[in-house]
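Reader: I'm new to this one. Could you walk me through a few pieces of it?

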Amino acid sequence: MTKEKQYKDLQLPTLPFDSEFFSNKCVIDDKFREECGIFGVIGVTDASRFVALGLHALQHRGQEAGGIVTYDTQHGFNSARRFGYVRDNFTNTAVMKTLPGSLAIGHVRYSTTGSKPDSKSQTVIRDVQPFFGEFAMGGAAIAHNGNLTNANLLKRELIESGSIFHSSTDSECIIHLIARSSAQSIPERMKDALRQVQGAFSVVAMTRTKLIGVRDPLGVRPLVLGRVGDGWALSSETCALDIIGAEFVREIQPGEMAVVNADGPHSHFPFEPAKSRFCIFEHVYFSRPDSHIGGQSVYETREAIGMELAKEAPVDADIVCPVPDSGTPAAIGYAKQSGIPYGMGIIRNQFVGRTFIEPTEQIRNMGVLLKLNVNRALIRNKRVVLVDDSVVRGTTSRKIKEMILNAGAAEVHFRIASPPTAWPCFYGVDTPQREKLLAATMSEEEMREHLSIDSLKFISLDGLYRAVGESKGRNASCPQYCDACFSGEYPVAPIDMISQGFELKAVE
């Protein structure tokens, strides 16, 4: 069988690409954006359909593009990569028929490195994962969630020694490092490769007979193992296991490589042991509220964050309203703890999607109005507490405040279910440059004045830790989570960014 027949990178027609939609992320772009979602299954009939369902459940982790790679003995490796939503691409019967096999992995993307989709250039399809490579012992595909903080250094070294890169993403470095290894199996080559990278990575990979899941030594990004019938699944979150009827088995441990074959999963620990530093923002915003992290319900944790926030930052008010949808559980918790009635003062249009009319400057200026509308009867003449998960640039917060005041609110108080985000993330989250983060240049009171609201309070870092189950708060000498976006304390030095002039927080 030829290499070309083994791996068919299909380019079927897709819906027209709407760069305006993606550049504005459904109008509201004042949030940290998670990087990717990964999913894989082995030992099931029509594995690609399981993966498509899993990716659909993980769509919140990446909406720019998605891809699926499968393997079966008759057709070898097969791939489909597309821009846009899973529902628009992988519910197509013609596409799914080209992805046979009982072994498959998939990826949904929000680009934090590499090119962003551009309607004038189709070359960025090369950046869409999973990536595939042919090696001496057979082919392998890989999907990566996270960011490698030494990718630029690695890429330069690899290119100087003869590697030819086809994408602009950091993830492709892993494929080239696998190719350079002299180990005698793909899993062993992956160990060699991943020992050379730094940063955050959860990886789902596949060979002709194995499904492989790996987490970095700090376990910054999530990865879980599930059982589906006689087969197995790997996923970024438990909610994607639910959609295929899989049973959650356990989380892949930090620093673990789980190799799943016909006999089931086998664990390896190829890295030096390190203390876990899971991303605390997964609890606040990234993960779906119906997922579980560390045995905890994400929804219940967010409600607990709201309750802690109410203890730390009480206010005399008439109604507590969430900024939908991510602020809803915290707002419910704030209302419970404070005794202030909860109400849906802002209604979200659930059907906002691709721009339905020409995106003129006037339409763009409508901004939040395309997605959110005020429930005027509920908030008129009321002192309103708005609960949101975060404030990044403050642009959306100002627009929402104006909407609330224009609808007749007497007062507007913001309560934020995370500490001030004053530092960018380099571990797989798309964040602005530090100078564009409101909390990097302003105090809490200055932010309140900038937003022109009656009061503004963020949950403290200790309060956030208490809400996620650390009763004594944050251990300053040995933090239990990665909280660099709040504290400026990076568990892995962002080597590439430092080389470009980024300055770490001064040691006090």
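Reader: Let's start small: in E5, which residue is the bridge partner of Val69?
Author: Keep in mind that this is a predicted model. Strand E4 covers residues 65–72 and pairs with E5 in the antiparallel sense over eight bridges. The two form a hairpin, with three residues between them. Within that pairing, the partner of Val69 in E5 is Ser79.

Reader: And why is strand E5 described as largely enclosed by the rest of the structure?
Author: Strand E5 takes in residues 76–83. For a residue to count as buried, its relative accessible area has to be under 20%. E5 is largely enclosed because, of its eight residues, the number buried is eight.

Reader: Now the open sheet of four strands: which are its edge strands?
Author: The strand order is E19-E22-E23-E25, with parallel pairing. An edge strand pairs on one side only, and that fits E19 (319–322) and E25 (455–458). From one strand to the next, the twist averages 20°. So, going by how they pair, the edges are E19 and E25.

Reader: What is the bridge partner of Leu386 in E23?
Author: Strands E22 (residues 383–388) and E23 (residues 411–416) run parallel, joined by six bridges. Leu386 has its partner in E23, and that residue is Phe414.

Reader: Last one: what covers the buried residues of H12?
Author: Helix H12 spans residues 328–338, and its buried residues include Pro329, Gly333 and Tyr334. Just after H12 comes Gly339, with a positive phi near 80°. The cover over the buried residues includes helix H11 (298–312), E19, E22 and E23.

How values were computed
Residues numbered from 1 in each chain as written. Predicted model: local features only at pLDDT ≥ 70, side-chain atom pairs only at ≥ 80, totals over all residues. Heavy atoms only, no water. Axes fitted to C-alpha atoms, helices over the stretch in contact; angles between N-to-C directions. Buried < 20%, exposed > 50% of the residue type's maximum accessible area, 1.4 Å probe, protein only. Contact = heavy atoms within 4.5 Å.
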